[in-house]
Amino acid sequence: MSSAPDILADAVERALRSAVGAENAGPAIIRPCADPKFGDYQANGVMALAKRLGQNPRALAEKVIAELQFSDVSEPPTVTGAGFINFRLTPSFVTRQIAAATNDERLGVPTVAQPKTVVIDFSSPNVAKPMHVGHVRSTIIGDCLARVLRFLGHRVITDNHLGDWGTQFGMLIIGWKRFRNDEALQQDAIGELERLYKYVNDHKELRDDAKAELVKLQQGDAENHEIWQKIIDLSMQEFSKTYQRLGVSFDHTLGESFYNPMLKDVVEELKRLNLARESEGAMCIFFEDNPELKKTSPLLIQKADGAFLYGTTDMATLKCRIDQWHPDEIVYVTDARQQLHFKQVFAAARKWWEKPPDLRHVYFGTILGEDGKPLKTRDGTPVKLADLLDEAEERALSVVTEKNPTLPLVERQQIARAVGIGAVKYADLSQNRTTDYVFSWSKMLAMNGNTAPYMQYAYVRVQSIFRKAGATKADIATVSLEHAAELDLAKHILRFPETLHAVAEDDKPNWLTGYLYDLTGKFSAFYENCPVLQSAEPTRSSRLLLCRLTADVIKRGLNLLGIEVIEQM
RNA sequence: GCGCCUGUAGCUCAGUUGGAUAGAGCAUCGGAUUUCUAAUCCGGCGGUCGCGUGUUCGAGUCACGCCAGGCGCGCCA
């Protein structure tokens, strides 16, 4: 089943080739019309092409129209304005597509013709430190992208690049040996580890001892290695709880330490290839040939004292992933402040490999408090992710209780979990990820607007119709789209595939939330104007079918965002 | 000092890569309920898209220059 824009693009591009020749033709660029009065889709590529070829855009549009061949997808296209080609889908086409989507578990979304292998590197918390709000965006966005790409049929490998190595372990080990409180450790492992770190860090007289412990660890001392491993295990137990609450999982958790044995060879290799050279005692990769990076400082891969840095680990990680998985793309989901670093790593990769994978830094802005400054607790420390999720569930519970006090507590708690966690995720994913955003409980838990509760409630309303309708086999119905609201809703349902492709193309989950918000808006118009249960057959069944499909798209859409639906609120 | 990002309604944000008359939610004002869950829906008000110059059939979107804010700039990650 091909979607309308695919069919139209194909037809327009064929017409373009015959109008201006294959070597001059360009993409059709089919986009939704700005205003429905013009139609459903327009071909923006034709005007752009006319400009490039120095032709009159209107004349070219007319020429294309004359050459266009497609079946009954669209009414005869029209040319308006400067040379817009407008298409309006025929009701019969929409009806057919809706029927096909109804009988399709994938809701009309085809898998891609050429699946890619995509590695997604996200979350990456630091061992012995609590996950805080800074990790929430990476985790949620990375998980969402993984879900979308998988659904589209790509081979996705998710990897949690844990911060499990570094100078902090010297301090942790000395703290562990001398100041550990086992009871505290049992109750709140990460809290205790954090205390130990701070304690040692605050006591300068311990610095040399910490350094010595670090050296022992690096040289493979058995006792220190055991402590190090214990610290990782304890931390992972905590992280796992959070991932479970978030419904996030990974194919691999290969932390920085995994690449330790390779660092020396990587540096040697980069030296051998003349990609790295010594400068001021350190081993560096310079980018003189890169206009964007030539003036920046180099990428350091070995310090003057011989120690390695995160640039080294990143290069080793890259090599390892390429050798093992042969990916077509590697996606790094980290905050925007690391842009320069990744530009350098990517540039280094292009020096190292003739054809490296498509390397993408999917960066995101900072979560700000209502005061416009990075979100902090009252005492100025970063907000812990677990506390944030607790509060989300608590707030959701009180909202649910207010609305539906007679519901058993267990059920209300279940709903509150889905709503609370969903609200946090949705708030994050509905923002354009590249910019900072202001965190607000009241906005993310609002029943109005582009929020998780609104979306979940829309789903509940549809489910409620089905409960009232009794056992209904909506799938035996024939669709007929007579009311304008029905047709409008149906057309929007059919835009689900193109939306997912856009999300995957630009790594922008907020296009999916925007789509779902529009969908619920169209459903509202339908819900207000088109009675379902009171209608006579066959309208009743046809409308039930639209309801079913709407609910399925909402459910699938939220699922791809990592958000659960509930049956009642 | 150099570089990157951001600046859109009173507030919080969209804006599909150069397309038609710039959109939502909140706030504010007004309307709808013998209901399919009102945690709802519909409408009004609200804009010099930071400022300026340019590119062209067309600019919130591209280029250049200012202004303001954030972030980053060799041995942390």
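This report covers the predicted model of protein chain A with RNA strand B.

**Overall build**

Chain A contains 21 helices and 13 strands. Its C-alpha trace spans about 80 × 70 × 40 Å along the principal axes. Of the 569 residues in chain A, 51% are buried. Take the contacts in chain A between residues at least 6 apart in sequence: 72% of them join residues at least 24 apart.

The domain assignment gives chain A a domain 1 (4-89), a domain 2 (168-246) and a domain 3 (452-561). The centres of domain 2 and domain 3, taken over C-alpha atoms, are 51 Å apart.

**The surface near RNA strand B**

RNA strand B has 65 residues around it. Arg31, Lys37, Ser464, Asp506 and Tyr527 come nearest. On the RNA side, sugar and phosphate make up 57% of the atoms of strand B that come within 4 Å of the protein.

By class, this surface has 31 nonpolar, 17 polar and 17 charged residues. Several elements supply at least two residues each, among them helix 2 (45-53), strand 4 (84-87), helix 14 (385-403) and helix 20 (510-529). Strand 8 (282-285), helix 13 (339-352) and strand 13 (437-438) also belong to that group. Which helix gives the most to the surface near RNA strand B? Helix 17 does, with eight residues. Helix 17 covers residues 452-469.

Three polar contacts to RNA strand B are listed here.

| Protein residue | Protein atom | RNA strand B atom | Distance |
|---|---|---|---|
| Asparagine 86 | side-chain N or O | base nitrogen | 2.5 Å |
| Valine 438 | polar backbone atom | phosphate oxygen | 2.6 Å |
| Valine 532 | polar backbone atom | base nitrogen | 3.1 Å |

Asparagine 86 thus meets a base through its side chain. Valine 532 meets a base through its backbone. Valine 438 uses its backbone too, but its partner is a phosphate oxygen.

**Helix 12**

Helix 12 runs over residues 310-325 and has 16 residues. From first C-alpha to last, helix 12 reaches 21 Å, close to the 22 Å expected at 1.5 Å a residue. Is helix 12 largely enclosed or largely open? Twelve of its 16 residues are buried, so helix 12 is largely enclosed by the rest of the structure. The buried residues include Gly311, Asp314, Met315, Leu318, Arg321, Ile322 and Trp325. An α-helix has 3.6 residues a turn, so residues three or four places apart point the same way. Histidine 326 follows helix 12, and its phi is positive, near 45 degrees.

**Histidine 154**

Histidine 154 sits in the loop between helix 5 (133-151) and strand 6 (155-159). Its relative accessible area is 13%, so histidine 154 counts as buried. A polar atom of its side chain lies 3.0 Å from the backbone nitrogen of lysine 116. Beyond its neighbours within four places in sequence, histidine 154 is in contact with Val112, Gln114, Pro115, Lys116 and Leu149.

**Threonine 334**

Threonine 334 belongs to strand 10 (residues 329-335). Threonine 334 is buried, with a relative accessible area of 13%. Leaving out residues up to four places away in sequence, threonine 334 touches Phe342, His361, Val362, Tyr363 and Phe364. With histidine 361, the link is a side-chain to side-chain polar contact of 2.7 Å. Glycine 39 lies 295 residues from threonine 334 along the chain, and their C-alpha atoms are separated by 40 Å.

Methods: Residues are numbered from 1 along each chain as its sequence is written. Chains are lettered from A and ligands numbered from 1 in the order in which they are written. Side-chain values use heavy atoms; hydrogens and water are left out. A residue is near a molecule or strand if one of its heavy atoms lies within 4 Å of it. A polar contact is a pair of N or O atoms within 3.5 Å; within protein, one must be able to donate a hydrogen and the other to accept it, and residues adjacent in sequence count only if both atoms are side-chain atoms. Helices (H or I, at least four residues) and strands (E, at least two) are DSSP runs, numbered from the N terminus. Ala, Val, Leu, Ile, Met, Phe, Trp, Tyr, Cys and Pro count as nonpolar, Asp, Glu, Lys and Arg as charged, and the others, Gly among them, as polar. The expected span of a helix is 1.5 Å times one less than its number of residues. Buried means under 20% relative accessible area, exposed over 50%, partly exposed in between (1.4 Å probe, protein chains only). Domain bounds come from an automatic or database domain assignment. Contact means heavy atoms within 4.5 Å.
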